[in-house]
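User: I am new to this structure and would be grateful for a close look at one part of it. Please take the salt bridges as the subject, and then describe what surrounds them.

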Amino acid sequence: TEIYTLSLHDALPISKTANVAVPMRDGTVLRADVYRPTTNQPVPVILYRTQYDKTAAQVQPSRYESPDWFASHCYLVVTEDIRGLYASAGTFSEFTNDQNDGYDSVEWAAGLPGSTGKVGMYGSSYVGATQWLAAETAPPHLATIVPTNTASDYFEGWTYEGGAFRLNFIEDWVMGDLALASAQHRGDQATAAQLKVDTANLASWLRFTPYRQFPPLHPGDPAVSPDFFSWLAHRTDGPYWQQWAPARYYPRITIPVLDVEGWYDAFLAGGIDNFTGMLTAGGSQFARANQRLVIGPWDHIGWGRPASIEAPLLKKLGPDADSPVNDLMLAWWDHYLKGIDNGVDTNGPRVDYFQLGSNTWHSSTSWPPPGTQVTPFYLGSGGHANTAAGDGTLSAGTPGPAAGPGADTTPDTYRYDPTDPVPSIGGHSCCAAIGTGSQGPYDQRPVEQRPDVLTYTTPPLARDTDVTGPISLTLYAESSAPDTDWTAKLVAVHPDGTAINLNNGIQRASYRDSLTQPSPITPHQPYRYTITIWPTSNLFHPGDRIRLEVSSSDFPQFDPNPNTGDWLGDSSTTRPAQQTILHDPEHPSALLLPIVPGTEEPATLPGPPTH
């Protein structure tokens, strides 16, 4: 164990003790680095449990301040490698051990010399998951958590979405992070070197099928990536997934939670669900009254500028779009761990969110904001909504001919070929906007030239229109296949013609009624689908238009549906399908938008919230 002193600008000197043993209940020893401020007074503990190397602590690119920075503000900071990775002993298995290990780590940290006994946690992505997994076990000394960019469920909204496999995220993440780190921990340098090469060639591997035979992860060799193949085997929801899902455990969680999310993040929907779920089902009145949600214009790792690597349109937003997470966490911890009255709102829940379009911060007491009106915009066309040059319309009012000038009830059709899927341009995948991830806002005009992309667009808006909250599409559709996919994308079209994606969603037809018991559809029979488009906040200006894109693929963000009734996890066989979208009085397909009336507009903040 090495102990040394760090010098910070005008801050408390910090000592670091590396690789401290943290015993688990089964005898496995995890390892942690402990950063201790030079003070004779007891201080609270901040615990960070990671699978991404405790020494890195998610400082880069432009995410958190360093552990010693937090320690300099009079906190005892512990960064710990989870079981089976980096410095910690044991066998790695995603999700499996982090409930019990989280409990044991919290209670161990609370007992450190110089601790007040109060423990808070922080971290992003899976390091957010380790916080929820620990909180599910209700450690007595855990006082608050600050999970960032993380989900409420590890089936829906993490591994799968609407029944579709989150291909781009899962294969990249497992190859480049989980399997690689596990191989290095085992000393299997040959596999580690091979995984680095394969991850660099991700674009070509994303087209490999069937997924159960995915060569980079050595099917049949349980040492390389048992989690990946288990997730493929469990492609419906059920006990396997629900044993870990935070949403199941809200009644057991009695602590304040500060959730931090991004509009283009891979886990946005689940992060919002954690906030709203704790409001209604948290395990104590104190917990229900002390929940907070902050949503910024961020993707999964692009939180701050200028050093972050988010999508270019996010990078252009300026300093008000920078993440305030470090100052927010300090204020939050100071209040809930030290008892300081510092302006952190304890008079009920609070939501702070960045509104795209106006590029301003707003504050609300609920999600969606009070006064939000769910407004249907009905699809219409003369049967030629294909491409942005087509005749598809979106109109508030009634479906069919009364929907607007030129609208008609003629169905729209297109041919979906799984061997030529619609390419993902941005979206809410993971994990880096540049190079590997289908995430962030981009001009959608290239995909809107494809005949298998239907576009439905409003006339130019006459006034400011605030769209803030959850979004869905009620779609009446039929297919020539026994199973297929339906995709939906909300787009802001500006007067110069640029078409910027706000968010998107997908629904696998066989999962239309149940995530646990999928069932095929009857070819050529109309069905009513509900497609969840992930939330957004955008101010449309006069002259802007609201557009909906409808298609049947979004690759590689999601696995293409082969239209056979099987899936590409088990088979490489595909066939084209003829798709029909209905929009008439008997089949009123409609985009449901959350409109915030001007008289109800939430308070505007002067900049990013810092407390």
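Analyst: What follows is an account of the salt bridges, and then of helix packing, one covered helix and some backbone features.

The model is a predicted one. In total, the structure holds 22 salt bridges. As a general matter, side chains of opposite charge can pair when their charged atoms come close.

One of these bridges pairs the side chains of Asp352 and Arg292, with N and O 2.5 Å apart. Asp352 belongs to strand 12 (residues 350–355) and Arg292 to strand 11 (residues 291–296), and this pair links distant parts of the chain, 60 residues apart. Asp352 counts as buried because its relative accessibility is 0%. Arg292 is also buried, its relative accessible area being 3%.

Another bridge is formed by the side chains of Arg547 and Glu448, where the N to O distance is 2.7 Å. Arg547 is placed in strand 24 (residues 545–551), while Glu448 sits in the loop between strand 18 (439–440) and strand 19 (454–457), so the bridge ties together parts that are 99 residues apart in sequence. Arg547 and Glu448 are both buried.

A further bridge joins Arg508 to Asp485, and their closest N and O atoms are 2.8 Å apart. Here the partners come from strand 22 (residues 499–508), which holds Arg508, and strand 21 (residues 485–493), which holds Asp485; they are 23 residues apart. Arg508 and Asp485 are both buried.

Salt bridges also occur as a network, which links Lys16, Asp33 and Lys54.

The packing of helices comes next. Helix 4 (residues 167–186) and helix 5 (residues 189–200) pack with their axes 9 Å apart, at an angle of about 165 degrees. Because of that angle, helix 4 is roughly antiparallel to helix 5. The crossing of helix 4 with helix 5 is left-handed. On the side of helix 4, the contact is made by Asp172, Met175, Gly176, Ala179, Leu180, Ala183 and Gln184. On the side of helix 5, the residues that meet them are Gln189, Thr191, Ala192, Leu195, Lys196, Asp198 and Thr199. By character, the residues of this contact divide into six nonpolar, five polar and three charged. In general, an α-helix has 3.6 residues a turn, so residues three or four places apart point the same way.

Helix 3 (residues 126–135) is mostly covered, with 10 of its 10 residues buried. Those buried residues are Tyr126, Val127, Gly128, Ala129, Thr130, Gln131, Trp132, Leu133, Ala134 and Ala135. They pack against helix 2 (100–110) and helix 9 (268–281), and against strand 4 (43–50), strand 6 (115–124), strand 7 (142–148) and strand 10 (257–262).

The loop between strand 6 and helix 3 contains Ser125. Although Ser125 is not a glycine, its phi is positive, at about 65 degrees. Ser125 counts as buried because its relative accessibility is 6%. Tyr86 likewise has a positive phi, near 55 degrees, and is a residue other than glycine. Tyr86 is found in the loop between strand 5 (76–81) and helix 2. With a relative accessible area of 36%, Tyr86 is partly exposed. For context, most residues other than glycine have a negative phi, and most peptide bonds are trans.

Two cis peptide bonds may be set beside these phi values. One joins Cys430 and Cys431, with omega about 15 degrees. Cys431 is in the loop between strand 17 (427–428) and strand 18. Another joins Phe555 and Pro556, and here too omega is about 15 degrees. Pro556 is in the loop between strand 24 and strand 25 (577–582). Strand 24 is also the strand in which Arg547 lies.

A last position to consider is Pro369, in the loop between strand 13 (360–364) and strand 14 (373–380). Pro369 counts as buried because its relative accessibility is 2%. Apart from its neighbours within four places in sequence, Pro369 is in contact with Tyr353, Ser364, Thr468 and Pro602. The C-alpha atom of Pro369 is separated by 39 Å from that of Asp81, a residue 288 places away along the chain.

Conventions. Residues are numbered from 1 along each chain as its sequence is written. This is a predicted model: local features need pLDDT of at least 70, side-chain atom pairs count only at pLDDT 80 or more; totals for chains, interfaces and linings use all residues. Side-chain values use heavy atoms; hydrogens and water are left out. Axes are lines fitted to C-alpha atoms, for helices over the stretch in contact, and angles run from 0 to 180 degrees between N-to-C directions. Helices (H or I, at least four residues) and strands (E, at least two) are DSSP runs, numbered from the N terminus. Angles under 35 degrees count as roughly parallel, over 145 as roughly antiparallel, 65 to 115 as roughly perpendicular and the rest as oblique. A crossing is left-handed if the near helix is turned anticlockwise from the far one by less than a right angle, and right-handed if clockwise. Contact means heavy atoms within 4.5 Å. Ala, Val, Leu, Ile, Met, Phe, Trp, Tyr, Cys and Pro count as nonpolar, Asp, Glu, Lys and Arg as charged, and the others, Gly among them, as polar. A salt bridge is a side-chain nitrogen of Lys or Arg within 4 Å of a carboxyl oxygen of Asp or Glu. Buried means under 20% relative accessible area, exposed over 50%, partly exposed in between (1.4 Å probe, protein chains only).
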